[in-house]
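Dear colleague,

Please find the structure below, together with an account of what was found in it. I have kept to charged side chains, the pocket and the cavities.

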Amino acid sequence: MTESNNKWEYAPSLESTSHIQLKERYDLFIDGKWVKPSDNRYFSSINPATEEKIAEIAWASDADVDLAVKAARKAYTEVWSVMKPSERAKYIFRIARLMQEKARELAVIETLDGGKPIRESRDIDIPLACNHFFYYAGWADKLQDAFPQRNIQSLGVAGQIIPWNFPLLMAAWKIAPALAAGNTVVLKPAESTSLTALKLAEIIEASGLPAGVVNIVTGHGDTGAAIVNHPDIDKIAFTGSTSVGKLIQKAVAGTAKKVSLELGGKSANIVLEDAPIDQAVEGIVNGIFFNQGHVCCAGSRLYVQESIADEVVRKLKQRMESLYLGNPLDKNTDIGAINSKEQLQTIEKYVEIGKKEGADMYQVTCELPAKGFYCRPTIFTNVAQSSVIAQEEIFGPVLTVQTFRTIDEVIQKANNSPYGLAAGVWTDKGSRIFNLTSKLRAGVVWANTYNKFDPASPFGGYKESGFGREGGLHGLEAYLK
Ligand code: ADP
């Protein structure tokens with residue numbers, strides 16, 4: 001170990017991949033069986049850190065989706081909705097336990113398939129996904145206690161479509177509350193990150209969960225659209241881009257389907273002059289560079305009070321230079337690979353827009369690996385509130401920095417966004433926290449921390465960030481009549 005500049009150099013510490021089990025080709029998990037896609041179409045899942053193919057994944061057609069919905073309907077009517085809630089709970093607990101047993105394998109596969117650092121998949125994604133199953137298993141036989149004034153009834157078949165940024169965690173957010181409330185499920189993972197959902201299907205198979213209660217259909221947007229448009233689905237739960245969210249809303253308008261949408265974000269992270277600055281800098285880094293900025297609630301707009309702006313930006317640049325970018329399987333890595341080539345191109349397009357708009361760009365000076373999709377952590381200062389990079393979601397490690405003088409000014413600026421998913425506030429004073437949190441139009445507001453999740457606390461947005469809440473009792477309610 002040697003020290004160069006302000007950065008220690010470590011010998012590589014690679015997580016082993018020898019213990020993972022992956023098939024070369026994955027079929028669809030329908031009615032408790034592995035079923036070939038009717039069109040015999042498959043697509044490749046790529047490791048974004050090496051650009052190598054990991055496995056082939058089935059591409060479900062309308063007919064395959066129909067088969068999955070029929071299986072889910074049958075399982076709902078004949079088995080799951082009539083089962084004693086305490087029995088349902090046991091299955092959900094069993095899935096959680098099996099996930100825990102396979103946690104290491106799941107973490108490695110998540111990192112291989114999605115590009116996120118192994119430290120994050122090991123310490124955040126997988127444990128949180130397990131905790132969601134444990135948490136909702138606990139509620140499965142206490143629904144009447146959870147909602148005492150109501151006649152508890154499940155909805156039926158839930159169609160669930162998830163994105164690529166937290167593949168297994170999003171699957172858990174969707175499946176666990178749906179099952180606990182007595183529904184059956186057809187879930188579609190994102191095309192670039194289907195593998196952990198397919199491993200979850202294997203776990204579900206091993207758990208003995210009755211056939212058809214959970215069906216996993218892989219594919220691209222057309223497979224998602226087939227779920228959205230299927231007439232025998234009672235509820236659509238979607239997490240993804242605002243543009244697809246709007247399409248879904250149009251498609252279900254005038255139908256009896258219930259919908260919850262968790263869409264994009266452009267969340268404000270606000271640092272007041274009395275904030276503990278080093279702690280805030282850590283929170284800013286965590287808020288935007290965590291998971292390469294592939295977080296819908298990423299703190300991608302930084303607002304710093306003018307009197308401390310120079311110091312915060314200087315310390316932020318220093319901290320950025322100390323981040324390790326590279327092989328996501330290395331336990332020292334802070335910044336892994338961008339999820340796909342397309343996403344890297346999108347981020348690069350926004351970086352160019354930022355430069356053209358006249359903002360000052362600062363990028364970490366580290367070298368990028370020769371292969372794979374990587375992006376240097378980037379900040380823009382001298383950014384106008386109306387600029388594209390301060391308004392549109394970039395979904396990458398790109399932060400805009402603006403200053404403010406008064407609290408009223410920053411509330412206005414923070415709320416001046418089409419989105420309203422999350423926000424962060426850094427200050428020493430509790431009264432300022434309460435003042436800001438009550439006025440910021442965001443579904444989640446963190447105080448003196450950022451990106452903290454817990455299965456018991458609800459998550460969701462305002463405005464174009466969507467509607468409906470996931471997590472906690474709110475998340476359960478979304479699956480009840
Ligand atoms: P992102 O930009 O984060 O990839 P998308 O909204 O494109 O977000 O994708 C999120 C999920 O929605 C993925 O599983 C994707 O396959 C699916 N999807 C894409 N287009 C559609 C569509 N028209 N209808 C339903 N699902 C779709």
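A residue is called buried when its relative accessible area is under 20%, exposed when it is over 50%, and partly exposed in between. Please keep in mind throughout that this is a predicted model.

With those cut-offs, the pair formed by Lys70 and Asp66 can be described: their side chains meet in a salt bridge, with N and O 2.6 Å apart. Asp66, at 25% relative accessibility, counts as partly exposed because the cut-off for buried is under 20%, whereas Lys70, with a relative accessible area of 52%, is exposed. The two residues are four apart in helix α1, which covers residues 62-80, and so are separated by about one helical turn.

Side chains of opposite charge can pair when their charged atoms come close. In this model the count comes to 29 salt bridges, and two further pairs may be worth setting beside the one in α1. Asp27 forms a salt bridge with Lys36, where the closest N and O atoms are 3.4 Å apart; Asp27 is buried, with a relative accessible area of 12%, while Lys36, at 52% relative accessibility, counts as exposed. Lys246 forms a salt bridge with Glu464, the closest N and O atoms being 3.6 Å apart. Because Lys246 lies in helix α9 and Glu464 in the loop between β21 (462-463) and β22 (466-467), this pair ties together parts that are 218 residues apart in sequence. Lys246 is partly exposed at 41% relative accessibility, and Glu464 is partly exposed with a relative accessible area of 31%. There is also a network of salt bridges that links Lys102, Glu105, Lys199 and Glu202.

What does the side chain of Lys266 reach, given that Lys266 is buried yet has no salt bridge? The side chain of Lys266 reaches the backbone oxygen of Glu392 at 2.8 Å, whereas the nearest side chain of opposite charge, that of Glu393, is 8.2 Å away. Lys266 itself lies in the loop between β12 (258-262) and β13 (268-271). Leaving aside residues up to four places away in sequence, the residues that Lys266 touches include Ser300, Arg301, Ile389, Glu392, Glu393, Ser417 and Tyr419.

Turning to the open space, the largest pocket holds about 1,200 Å³. Of the 49 residues that line this pocket, Trp164, Glu191, Gly240, Ser241 and Val244 are the closest to its centre. The elements that give two or more residues to its lining are β6 (42-47), α8 (221-229), β11 (235-239), α9 (242-252) and α12 (341-356), and the largest share, six residues, comes from α9. Helix α9 is also the element in which Lys246 lies.

As for enclosed space, a search of the whole structure finds five cavities of 30 Å³ or more, and the largest cavity has a volume of about 100 Å³. Of the 16 residues that line the largest cavity, Arg301, Ala414, Ala422, Arg441 and Ala442 are the closest to its centre; Arg301 is also one of the residues that Lys266 touches. At least two residues of the lining come from each of α14 (407-415), β18 (419-420) and β19 (422-426).

With best regards

Technical notes: Residues are numbered from 1 along each chain as its sequence is written. This is a predicted model: local features need pLDDT of at least 70, side-chain atom pairs count only at pLDDT 80 or more; totals for chains, interfaces and linings use all residues. Side-chain values use heavy atoms; hydrogens and water are left out. Buried means under 20% relative accessible area, exposed over 50%, partly exposed in between (1.4 Å probe, protein chains only). Lys and Arg count as positive and Asp and Glu as negative; His and the chain ends are not counted. A salt bridge is a side-chain nitrogen of Lys or Arg within 4 Å of a carboxyl oxygen of Asp or Glu. A polar contact is a pair of N or O atoms within 3.5 Å; within protein, one must be able to donate a hydrogen and the other to accept it, and residues adjacent in sequence count only if both atoms are side-chain atoms. Contact means heavy atoms within 4.5 Å. On a 1 Å grid over the protein atoms alone, a cavity is a set of points where a 1.4 Å probe fits but cannot get out, and a pocket is an open set with protein on both sides within 12 Å along at least five of seven lines; lining residues have an atom within 4 Å of a point. Grid points are joined across faces, edges and corners, and a volume is the space filled by probe spheres set on the points.
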